[in-house]
Amino acid sequence: MKCNLIHGVLGLLFTACWFPAVARLSGTLAKGSEHTVKDAASVSYYQTAPEDTAACYFTAERYGIRTDGSMDVSDALQQAINGLKRNKNFGVLFIPEGEYLISKTIYIPAAIRLIGYGVHRPVIKLKDHAAGFAAPVGGDKGSAAYMLWFTSSIPETGKGVPNAGAGTFYSALSNIDLEIGAGNAAAVALRTHYAQHCFIEHVNIHIGSGKAGIFDIGNEIQDVRFYGGDYGIYTTKSSPGWPYMMLDTYFEGQRKAAIKTQEAGLTVVRMHVRNVPVVIDVDKGFWEKLYMEDCLFENVADCALKIGMSRSPETQVNLQKIQCRKVPELVRYKDREGQPERQPGLYVVRNYTAGLVMDSLRCVPHEKVFTDIKVVDHFVPVLKTDIADLPATSKWVNIKSLGAVGNGLQDETALVQAAIDRYDVIYFPAGRYKVSQTIHLRSNTVLIGLHPFATQILLADNTPAFGGFGGPVPLIISGKGGRNIISGIGLNTGKRNTRAVALQWEAGAASLVNDVKFIGGHGQMHRPGDRDQRGLYGQAEEHLWDRQYWSLWVTRNGGGIFKNIWSASTYAAAGVYIAETVTPGRIYAMSIEHHVRNEVRFNHVSHWKIYAMQTEEESRESSECQPLFIERSTDLQFANLYMFRVIRVKKPYPYAILTEASKDIRFLNLHNYAQTKYTSSHSLYDRNRKVFVKPWELAALYLKNTRTGGRNTVLTSHRKANLQQVAKGFEMPEGMCSDSKGNIYFCESARKRIYKWSAKSGLVTLLCDSPWEPLSLACDREDHLLAVFKYQPMEGYLVEGKQEVFTNPPDAAGTSFSGWGNSGFGILVYSINTDNPDHSIRPLKRVAVQSLDTIVQAFYPAHRWRDFHDFAQVAVARPDSAWLAPDGVTIIPISYDLARSTSLAVAVPGKQLYISDEYNECSYRLDVDRSGYVSDLSFFAPRGSFAIVKDKEKRVWIADGDVYRYGEDGKLQCQLALPERATGVTIGGENSNTLMISTYGGLYCYRLSELDSTGL
């Protein structure tokens, strides 16, 4: 306690003398007051203990500990956490004010939250010179030892630590300060690689001589301050690969950088950094999607932002309203040479954008660096947060003290409504509060829970007021124009309530919805012993999907702040529907997933900003789901928008964003992606203008006006080219190749079909319709067609008396595509005689490459998705075995990437091979030796997707949205615009004079003779 007092006094002195008003002001936000971020003093967010019979309280009396920092409480604290997990599975451990000394790592399993309370925040301190914390830990991903490690489950003795991951939900640490004692150079305060509804909030981390405050991020942090350390945060990408939301943070005195990162999707609003060499350091060779707004940089010795790679559309940087004082260099790219651009002593970055940009729907995508810096004569060290504080705990009225039971069985509608009518602030301890009528909030009602799965307000199935036919009926409706707050509560509309809306929000711009889970479908958990209670938590019932209204409905000029929300009820028509409002709104860290038709809709909406929004489409539920639909809206800005389709999706979808009759829509850092090849085909389609946006990665996309109609014109940067449509009506044709006569072959994988385009007749015919799923195609020197295909072993089929089994080759470890079900099958190759396909199908033999005397050509994957960053190693690997074609001189070296690649690139000894790094969207060239092996990987072009081919004039054609032509020198010569995104490209036709292009729905061609050699 004495240590706390000293820290508090020093903090107050520091605040008064040096740095007024930089961190968060606690307590109730008074009407009309200015809510600011204040520094240093650890003002407790929860001053008294919230009462919850389902929670656990880490008190001295219960656990026989001392809370003055004189006793090692490691074992007792772990016992309390493990006991809560085993007994309740999910819930809150409350930690009272005090100093808690630990000497070992504390593991926090999924869905357990540690929340401090008291006049002063509790402090957990790692003791000086703790065993195992001084030297880097070999074999650990972060090379560190951790004070608190968030895990997926309780670690078992003798087994590895089950690190938190994409399926770890609801974990949190709030209102507890952390301190690393002396002599712990390898110590990191927190390891946090978790997913939705996980957070760190209201925490000061004193790292001192330790390594960092946080390693490996997840979901969001707010009101966290980092002092000292090599780093405040160092991280790889989040466990699900989604953006990371940082709000109201402070970094001071880091020795190497405030943040060291790889692909974290940093979405930073109101960050103050001072006295560091570097603000954000992106590891070389890694991209980052960095968005920063309303930040302060002070006394940065070297450079504010060090960016790891510049030659990839994956790198996206957007800065808005960044105040800089004594920051000599703003941005440096590690793979670029040149003198740094020195900056003045005091300036404001009004706007900085770097990456692939489209200034309008009609604009050709182009690489751009835009800088708008203004020299100023004063610095304003005040950051105003827009997130309202919860009222002081002394004002909370416990709903159970009023008679509520929270057992999920008793109807508590009248009691809950009466409490709201009488009291301003209602606290819901853990429980399931069943209601049967709409709950109406008054304009100043605040509803508080502390765990959005442990605390639920719910409807039983077939509740009469919410069933049958009719318009939407909300479970909860806010006060119109009010200052309502809902925090830490799950809203559950069940499965069989066809008129239900979980939350109808009509509150004003100062309102807040925070840490709210819209329950249904994914993210379910069970208390021990609950699994046999049918219907209590529910199993997925497909026939009930998409049978309700929307989960979150903002309407009638509703607005405000929406933060840390997960909307994943498959039973709802959409996760979020925002309509008919001009009231400003902000969304911070929202995950919308697994709906059947729509994830998010904006309809007649103005003046909203959306940060770190993520959508996800599952295979069973969402193969036909529209991720984002914007109608009749204006002045919307999306920052770090991630749109993802899961690895199990086997069907293409035409566009991630659909717009109509809208204007002034800004996308800053847009990421449309999938681990599988079935990424949403286009990032955006505007229905009025009939224009597709083809790039999947954009630093900026501006929709200035889509209200007026437009012809279905084809943008082209090469006016002399004559695009011809050969055929249409396909489902993602791919795998293109050509034979010696110029005939073209391609396949539809999902439909298990192979087609032929005749160079002589110009007609497309179905060549092969077999049980085998073709992935890519090639022709040997005798024009046998070679089909790489996916072979699923049949259960019960025996080979030499044993079940036929396939295992992934070792190189599968370098790509996430090999996980989540993409194993257990074989990637084999068969050949056919194209003149007699049905009777000539033959499997290729697997041979040792060294056993072959002559190799005339080898086919490698034309593109590789290596998201674990081993592309450079795998691209030049030398497989010891290959599939041998019927001609005896053509091979397909065996590698796992054949399982995902949609096209093959031919390697001819003595010539150069061109391939694409699909994950980083760039292309490389390699040399080919006499054995067909490749070496000397070198960068070629900042484009790369599904296909790349070289013509007889040694020009290289890359299909990446449109088709790009490069010279051997790596310089862009022309861009051929297409009506929709390209899926493949090859050279064919008589005399190899035709450039054949497959798109997501058709087949096109250009006559190479019509393409002159002029540039763009």
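Strands, as the term is used here, are DSSP runs of E with at least two residues, numbered from the N terminus. The structure is a predicted model, and its chain averages a pLDDT of 92, with 93% of the residues scoring at least 70. Over residues 1-40 the pLDDT is below 50, although this stretch has 90 contacts in the model beyond near neighbours in sequence.

**Exercise 1. Locate Gly253 in the chain, and decide whether it is buried, partly exposed or exposed.**

Solution. Begin with the elements on either side: Gly253 lies in the loop that runs between β16 (244-252) and β17 (257-261). Next, take its relative accessible area, which is 32%; because buried means under 20% and exposed over 50%, Gly253 is classed as partly exposed. Finally, list its surroundings: leaving aside residues up to four places away in sequence, Gly253 touches Gly228, Gly229, Arg274, Asn275 and Val276. The C-alpha atom of Gly253 is also separated by 9.1 Å from that of Gly208, which is 45 residues apart from it along the chain.

**Exercise 2. Test what span helix α3 (residues 74-88) should have against its end C-alpha atoms.**

Solution. The expected span is 1.5 Å times one less than the number of residues, so the 15 residues of α3 should span 21 Å. The end C-alpha atoms are 21 Å apart, in agreement with that expectation. Turning to burial, the buried residues of α3 are Ser74, Ala76, Leu77, Gln78, Ala80, Ile81, Asn82, Leu84 and Lys85. Just after the helix, Asn89 takes a positive phi of about 75 degrees.

**Exercise 3. Find which strands stand at the edges of the open sheet that contains β54 and β59.**

Solution. Write down the order of the four strands, which is β54-β55-β58-β59, with antiparallel pairing. β54 (773-779) and β59 (842-843) each have a single partner strand, so they stand at the edges, and one side of each is left without a neighbour in the sheet. For β59, the pairing with β58 (residues 826-832) is antiparallel and runs over two bridges, and Tyr830 stands opposite Pro843 in β59.

**Exercise 4. Determine whether Asn175 and Asn557, each with a positive phi, are buried or partly exposed.**

Solution. Asn175, although not a glycine, has a positive phi of about 60 degrees, and it is found in the loop between β9 (172-174) and β10 (177-180). Its relative accessibility is 0%, so Asn175 counts as buried. Asn557, likewise not a glycine, has a positive phi of about 65 degrees and sits in the loop between β37 (552-554) and β38 (560-567). With a relative accessibility of 38%, Asn557 counts as partly exposed.

Note on methods:
Residues numbered from 1 in each chain as written. Predicted model: local features only at pLDDT ≥ 70, side-chain atom pairs only at ≥ 80, totals over all residues. Heavy atoms only, no water. pLDDT = per-residue confidence, 0-100. Contact = heavy atoms within 4.5 Å. Buried < 20%, exposed > 50% of the residue type's maximum accessible area, 1.4 Å probe, protein only. Pairing = 2+ DSSP bridges.
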